Each structure stands twice: as structure tokens, then as C-alpha cells.
Amino acid sequence: MLPSVKLSEEDKIELEYVYDRTKTGVADSVATTARMIALYNKLYKTGYKENTSCRKCLSTVHKKIKLLYELSI
């Protein structure tokens, strides 16, 4: 499910930054993973820990970020 609010320009910039560095499914750094999770938490109002190593959690976050990116371009 997509967030019911529109993405702000700041969110769009962050989405593009994060997706560009995670589009293969693997983040280029731990910091990028944390930014991806922080953005996901903000948009979906969830509480994933930014340092999680849960593969299922990270997969869910990545899939939703990818979907948002694809719908916003």
C-alpha cells in the first residue's frame, strides 16, 4: 500500500538518492541502508530500526522504496 500523502520535493530527492544506491537490491553502504529505512519509516509511519539486519525487513523496505520510485518517475 502506498502512503496516502503526496511526496514532498525533499522526499522525492531522498527517494531518488536512496534508490540510485540500492537499485540492485544491495545498498552501497550501511549509511545508505539507514537512510532507506529512515525514509520508509517516515513515509509509511513504521518503526523499523535503522540498523536492522533482518533480511525480510530489508527486502520489504526495498520493495516499497522501489515501487515508490517507479511510480514517481
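**Tyr40 and its surroundings**

Start with Tyr40: at a relative accessible area of 5%, this residue is buried, since anything under 20% gets that label. Keep in mind that this is a predicted model. Tyr40 turns up in two places below, in the nonpolar core and in an aromatic cluster.

**The nonpolar core**
- The largest nonpolar core has 12 residues in all, and Tyr40 and Tyr44 are among them.
- Helices α1 (9-22), α2 and α3 (55-72) are the elements that give two or more residues to this core.
- Helix α2 supplies the largest share, 6 residues.
- As general background, nonpolar side chains in soluble globular proteins tend to be buried together.

**Aromatic rings**
- There are 3 aromatic pairs by the ring-centre rule.
- One of them joins Tyr40 and Tyr48, with 5.6 Å centre to centre and 45 degrees between the planes, so the pair goes down as tilted rather than stacked (under 30) or edge-to-face (over 60).
- Tyr40, Tyr44 and Tyr48 form one aromatic cluster.
- Tyr48 is partly exposed, with 27% relative accessibility.

**Around Val18 and Arg35**
- Leaving out residues up to four places away in sequence, Val18 touches Thr32, Arg35, Met36 and Ile65.
- Val18, Met36 and Ile65 also belong to the largest nonpolar core.
- Arg35 has its charged end over the ring of Tyr17, 3.8 Å from the ring centre.

**Ala38**
- Ala38 is in helix α2, which covers residues 30-44.
- Its 28% relative accessibility makes Ala38 partly exposed.
- Ala38 and Lys12 are 26 residues apart along the chain, and their C-alpha atoms are separated by 14 Å.

Conventions:
Residues are numbered from 1 along each chain as its sequence is written. This is a predicted model: local features need pLDDT of at least 70, side-chain atom pairs count only at pLDDT 80 or more; totals for chains, interfaces and linings use all residues. Side-chain values use heavy atoms; hydrogens and water are left out. Helices (H or I, at least four residues) and strands (E, at least two) are DSSP runs, numbered from the N terminus. Buried means under 20% relative accessible area, exposed over 50%, partly exposed in between (1.4 Å probe, protein chains only). Rings of Phe, Tyr and Trp (its six-membered ring) pair if their centres lie within 6.5 Å; planes under 30 degrees apart count as stacked, over 60 as edge-to-face and the rest as tilted. A charge sits over a ring if NZ of Lys or CZ of Arg is within 6 Å of the ring centre and within 35 degrees of the ring normal. A nonpolar core is a set of buried Ala, Val, Leu, Ile, Met, Phe, Trp, Tyr and Cys residues joined through side-chain atoms within 4.5 Å. Contact means heavy atoms within 4.5 Å.
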